[in-house]
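User: I am new to this structure and would like a guided look at it. Could we go through it together, one topic at a time?
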Amino acid sequence: MTDLEYQDLAESALKAVETACDRINDETDADIDNQRTGGMITLTFSNRSQIIINLQKPLQEIWMAAKAGGFHYKFSGGHWADTKDSSEFFANLSRYASEQAGQPLVFKAAA
């Protein structure tokens, strides 16, 4: 994958996270504060726990840090897959955000 292809795919993923946060805040009482700085998004939940998602351009990866741990994702097979167990980024983000928010939350890739 070229650097430009990586950048386009990674930016699309970050925009999908931001869009999902707006939707979640409109539809639930989860109250996720999402702040974007360059290639990093920090999600802060009402209990003050955080999930940090950032781009690792030299490795062409997306990294996510949550209470559950730190995870690395590479684009493979049409989605962002965990480099250890191949689980999907948005499915994992949904699970970890749900745990930290104390209610079911859904994050999805842009259509």
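User: Which turn residue has a positive phi in the hairpin of E2 and E3?
Analyst: That residue is Arg48, with a positive phi of about 75°, and five residues lie between E2 and E3. Helices (H or I, at least four residues) and strands (E, at least two) are DSSP runs, numbered from the N terminus.
User: Before we go on, what kind of model is this?
Analyst: This is a predicted model, in which local features need pLDDT of at least 70 and side-chain atom pairs count only at pLDDT 80 or more, while totals for chains, interfaces and linings use all residues. Residues are numbered from 1 along each chain as its sequence is written, and side-chain values use heavy atoms, with hydrogens and water left out.
User: In what sense do E2 and E3 pair, and over how many bridges?
Analyst: E2 and strand E3 (residues 50–56) pair in the antiparallel sense over five bridges; two strands pair if DSSP finds at least two bridges between them. Thr42 has Ile52 as its bridge partner in E3.
User: And E1 with E2?
Analyst: Strand E1 (residues 33–37) and strand E2 (residues 40–44) are also antiparallel, over five bridges. Asn34 is partnered by Leu43, and Thr37 by Met40. Two residues lie between the strands of this hairpin, where Gly38 takes a positive phi near 60°.
User: Changing topic, where is Ser87?
Analyst: Ser87 is in the loop between E6 and helix H2 (89–101).
User: Which side chains does Ser87 join by polar contacts?
Analyst: One polar contact, of 2.6 Å, is with the side chain of Asp85, and another, of 2.8 Å, is with that of Asn92. A polar contact is a pair of N or O atoms within 3.5 Å; within protein, one must be able to donate a hydrogen and the other to accept it, and residues adjacent in sequence count only if both atoms are side-chain atoms.
User: How many aromatic pairs are there?
Analyst: The structure holds five aromatic pairs. In one of them, the ring centres of Phe71 and Tyr96 are 4.9 Å apart and the planes are at 15°, so the pair is stacked. Rings of Phe, Tyr and Trp (its six-membered ring) pair if their centres lie within 6.5 Å; planes under 30 degrees apart count as stacked, over 60 as edge-to-face and the rest as tilted.
User: Why does that pair tie together parts that are apart in sequence?
Analyst: Phe71 lies in strand E5 (residues 69–76) and Tyr96 in helix H2, so the pair ties together parts that are 25 residues apart in sequence.
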